Amino acid sequence: MIRELTCIVCPKGCQLKVELGEDKKVLSVEGHTCKRGETYAVTECTAPKRVVTSTAPLAGGGVVPVKTNGSIPKELMFECVELINKVRVAPDAPIGTVVIADVLGTGVDVVTTRNAKI
């Protein structure tokens, strides 16, 4: 099976063709102009990850933007957002405050991306 991807690692946007075996293992990658593109293609086809961006509720009302400070497995994205919706962030939390440490056992934290204000 051939899977076509657009590399998102840099602005070049290389058009990648990934050949997958019957066991879904990557057999070859074509179209990348750097090693990072090849790594992206392999990861995207075998264990895709994403950075989650959302808003978290403030304890006194309102919301503050948050994001994971690293990538988490794609299949955990919706569960991560559910956890974010359940927390209440202090109304005076500064940018970079850890809202959820080690979210879902991934080793990645959810942090505020701006100073909280009510």
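The questions and answers below go through the cavity, salt bridges, nonpolar cores and selected residues of a predicted model.

Residues are numbered from 1 along each chain as its sequence is written, and side-chain values use heavy atoms, with hydrogens and water left out. In this predicted model local features need pLDDT of at least 70 and side-chain atom pairs count only at pLDDT 80 or more, whereas totals for chains, interfaces and linings use all residues.

Student: How many cavities of 30 Å³ or more does a search of the whole structure find?
Tutor: A cavity here is a set of points, on a 1 Å grid over the protein atoms alone, where a 1.4 Å probe fits but cannot get out. Grid points are joined across faces, edges and corners, and a volume is the space filled by probe spheres set on the points. With the threshold at 30 Å³ or more, the search of the whole structure gives a count of one.

Student: How many charged residues are in the lining of the largest cavity?
Tutor: The largest cavity, with about 30 Å³ of space, is lined by Cys7, Cys10, Cys14, His32, Thr33, Cys34 and Gly37, a lining residue being one with an atom within 4 Å of a point. Ala, Val, Leu, Ile, Met, Phe, Trp, Tyr, Cys and Pro count as nonpolar, Asp, Glu, Lys and Arg as charged, and the others, Gly among them, as polar. By these classes the lining has four nonpolar residues, three polar ones, and, for charged residues, no members.

Student: Where does cysteine 14 lie, and is cysteine 14 buried or exposed?
Tutor: Cysteine 14, one of the cavity-lining residues, is in contact with Leu5, Thr6, Cys7, Gly31, His32 and Thr33 when neighbours within four places in sequence are left aside, contact meaning heavy atoms within 4.5 Å. Its place is the loop between E1 and E2. Buried means under 20% relative accessible area, exposed over 50%, and partly exposed in between, with a 1.4 Å probe and protein chains only. Because the relative accessibility of cysteine 14 is 13%, cysteine 14 counts as buried.

Student: What is the distance between the closest N and O atoms in the salt bridge of glutamate 38 with lysine 35?
Tutor: Both residues belong to helix H1 (residues 35-46), where they are three residues apart, about one turn of the helix; helices (H or I, at least four residues) and strands (E, at least two) are DSSP runs, numbered from the N terminus. Glutamate 38 is partly exposed at 26% relative accessible area, while lysine 35 is exposed at 57%. A salt bridge requires a side-chain nitrogen of Lys or Arg within 4 Å of a carboxyl oxygen of Asp or Glu, and here the closest N and O atoms are separated by 3.2 Å.

Student: Which residue meets glutamate 44 in a salt bridge?
Tutor: Glutamate 44 lies in helix H1 and is buried, its relative accessible area being 9%. Beyond its neighbours within four places in sequence, glutamate 44 is in contact with Arg3, Leu5 and Arg50. The salt bridge, at 2.8 Å from N to O, joins glutamate 44 to arginine 50.

Student: Which elements give two or more residues to the largest nonpolar core?
Tutor: A nonpolar core is a set of buried Ala, Val, Leu, Ile, Met, Phe, Trp, Tyr and Cys residues joined through side-chain atoms within 4.5 Å. The largest has 17 residues, and those with the most contacts inside it are Ala56, Val64, Ile72, Cys80, Ile84, Val89 and Val110. The elements giving two or more residues to this core are strand E6 (63-68) and helix H2 (77-86).

Student: Where is leucine 20 placed?
Tutor: Another core, apart from the largest, has 10 residues, among them Leu20, Val29, Ala41 and Cys45. Leucine 20 is buried at 6% relative accessible area, and its contacts, neighbours within four places in sequence aside, are Met1, Arg3, Lys25, Val26, Leu27 and Cys45. The place of leucine 20 is strand E2 (residues 15-20).

Student: What relative accessibility does threonine 112 have?
Tutor: Threonine 112 lies in strand E9 (residues 110-112). Residues up to four places away in sequence not counted, threonine 112 touches Val64, Pro65, Val66, Val89, Pro94, Ile95, Gly96, Thr97 and Val99. Threonine 112 counts as buried, with a relative accessibility of 2%.

Technical notes
1 Å grid on protein atoms, 1.4 Å probe; cavity = no way out; pocket = protein on both sides within 12 Å on 5 of 7 lines; lining within 4 Å.
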